[in-house]
Amino acid sequence: ATASALPFPIPANVHAERVVSVTHYTDRLFSFRITRPQSLRFRSGEFVMIGLPNAEKPVYRAYSVASPAWDDELEFYSIKVQDGPLTQHLQKIQPGDIVLLRPKPTGTLVLDALTPGKRVFMIATGTGIAPFASLIREPETYDKFEQVILTNTCRDAADLQYGNELAAMASEDPLIGEMAGGKLVYYATTTREETPNMGRITTLIENGKLFSDLGIRPLDPATDRVMLCGSMAMIKDVAALLEARGFTEGSNSAPAEFVLERAFVG
Ligand code: A2P
């Protein structure tokens, strides 16, 4: 549909952007890319509010930008909920359609909210990998850290596809591969479907399997920084586990050893 053919006017003070591409992974997961407003500035890891021009008062939901800050398009990774106020419609978007974007990106999963360190662990479940999709393609991540460990835990193997392709791409892409070169470590596990790598990330941290599988040192607040995004329960449990190990939660105004944000549209 062209803007002039839309049944509702585009609300004031929002960006109306075009869908560039859509990729469906499972009946519950898809990603899409849209054009980026020239004026939209954000830090890798932040989220924006997204809506559709299908109502007088559009429904907006928070979405982490999955593309890095230097990209001239915006990428998002989403679940599909059959009766979800936004995602029941959003899952049907096609290239050329309009997506609405509120202008103010924000969020705590940013490098600025962490104090300097040697390793950064990015711990994701489900669509919580989206902000890390941005950060592992961000040069500043590799300027600030010697090692970047991304973990991705989902119920089933098919749910890991987006993260698997992203990690492979980050290593293979000539530009990102050069900066990520040898620094990016990717560890994916499932919790329900049988795969070679299984287990909740909490279990794998506590029993040390995460570290022994990767051949790396256990967590140490003196050198390590951690970013958490995913299910509320996972975040709560990993945060408690980190605090027990001497990590303090940081924010934009008071950077510290770990930061968290629940995956949106959960
Ligand atoms: P599990 O299958 O054992 O519940 P969800 O799809 O419910 O958002 O969960 C995404 C992933 O997060 C699943 O693999 C799930 O494992 C895991 N998970 C859920 N709760 C926790 C928790 N409290 N600690 C660690 N992982 C969790």
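In the predicted model, Arg137 is in contact with Pro68, Ala170 and Ile176, once its neighbours within four places in sequence are left aside. This arginine sits in the loop that connects helix H2 (130-135) with helix H3 (139-144). Although Arg137 lies in a loop, it is classed as buried, because 24 other C-beta atoms are found within 10 Å and the class begins at 20. The C-alpha atom of Arg137 is separated by 21 Å from that of Val19, a residue 118 places away along the chain.

A second buried position is provided by Met122, which belongs to strand S7 (residues 119-125). Met122 counts as buried because it has 26 C-beta neighbours inside 10 Å. When residues within four places in sequence are set aside, the contacts of Met122 are with Phe132, Leu135, Val148, Leu150 and Met227. Between Met122 and Val48, which are 74 residues apart in sequence, the C-alpha to C-alpha separation is 20 Å.

The other two positions described here fall into other exposure classes. Ala157 is placed in the loop between strand S8 and helix H4 (161-172), and it counts as partly exposed because its C-beta neighbours inside 10 Å number 16, a value between the limit of 12 or fewer for exposed residues and that of 20 or more for buried ones. Not counting residues up to four places away in sequence, Ala157 touches Thr190, Glu193 and Thr195. For one of these partners, Thr190, the C-alpha to C-alpha distance from Ala157 is 6.3 Å, whereas the two residues are 33 apart in sequence. Asn13, by contrast, is exposed, since there are 8 other C-beta atoms within 10 Å. This asparagine is found in the segment before strand S1 (15-24), and its phi angle is near 65°, which is a positive value in a residue other than glycine.

At the level of the whole chain, the protein contains 8 helices and 11 strands. Its C-alpha trace extends over about 60 × 40 × 35 Å along the principal axes. The radius of gyration of the protein is 18 Å, and this agrees with the value near 18 Å that would be expected of a compact globule with 266 residues. Of these 266 residues, 41% are buried. If contacts between residues at least 6 apart in sequence are considered, 72% of them join residues that are at least 24 apart.

The domain assignment divides the protein into domain 1 (3-101) and domain 2 (111-262), and the C-alpha centres of these two domains lie 25 Å apart. The contact between them involves 17 residues from domain 1 and 14 residues from domain 2. On the side of domain 1 that touches domain 2, two or more residues are given by strand S2 (29-35) and by strand S5 (73-79), and S5 gives the most, with 4 residues. By class, this side of domain 1 divides into 9 nonpolar residues, 7 polar residues and 1 charged residue.

A further description of the chain comes from UniProt, where an unreviewed entry carries the annotation "domain: FAD-binding FR-type" for residues 12-112. In the model, the span of residues 12-112 is 4% helix and 37% strand, and the C-alpha atoms at its ends lie 31 Å apart.

The surroundings of the ligand can be described in a similar way. In total, 15 residues surround the ligand, and the closest of them are Thr125, Thr191, Arg200, Ser231 and Ala233. Strand S8 (147-154), helix H6 (201-206) and helix H8 (232-244) each supply at least two residues of this shell. The largest share is that of H8, from which 3 residues come. In terms of residue class, the shell around the ligand consists of 4 nonpolar, 7 polar and 4 charged residues.

Note on methods: Residues are numbered from 1 along each chain as its sequence is written. This is a predicted model: local features need pLDDT of at least 70, side-chain atom pairs count only at pLDDT 80 or more; totals for chains, interfaces and linings use all residues. A residue is near a molecule or strand if its C-beta atom, placed from the backbone, lies within 6 Å of it. Ala, Val, Leu, Ile, Met, Phe, Trp, Tyr, Cys and Pro count as nonpolar, Asp, Glu, Lys and Arg as charged, and the others, Gly among them, as polar. Domain bounds come from an automatic or database domain assignment. Two residues are in contact if their C-beta atoms, placed from the backbone, lie within 7 Å. UniProt positions are given in the numbering used here, feature names are shortened, and annotations may be inferred rather than shown by experiment. The radius of gyration is taken over C-alpha atoms; the globule rule is 2.2 Å times the number of residues to the power 0.38.
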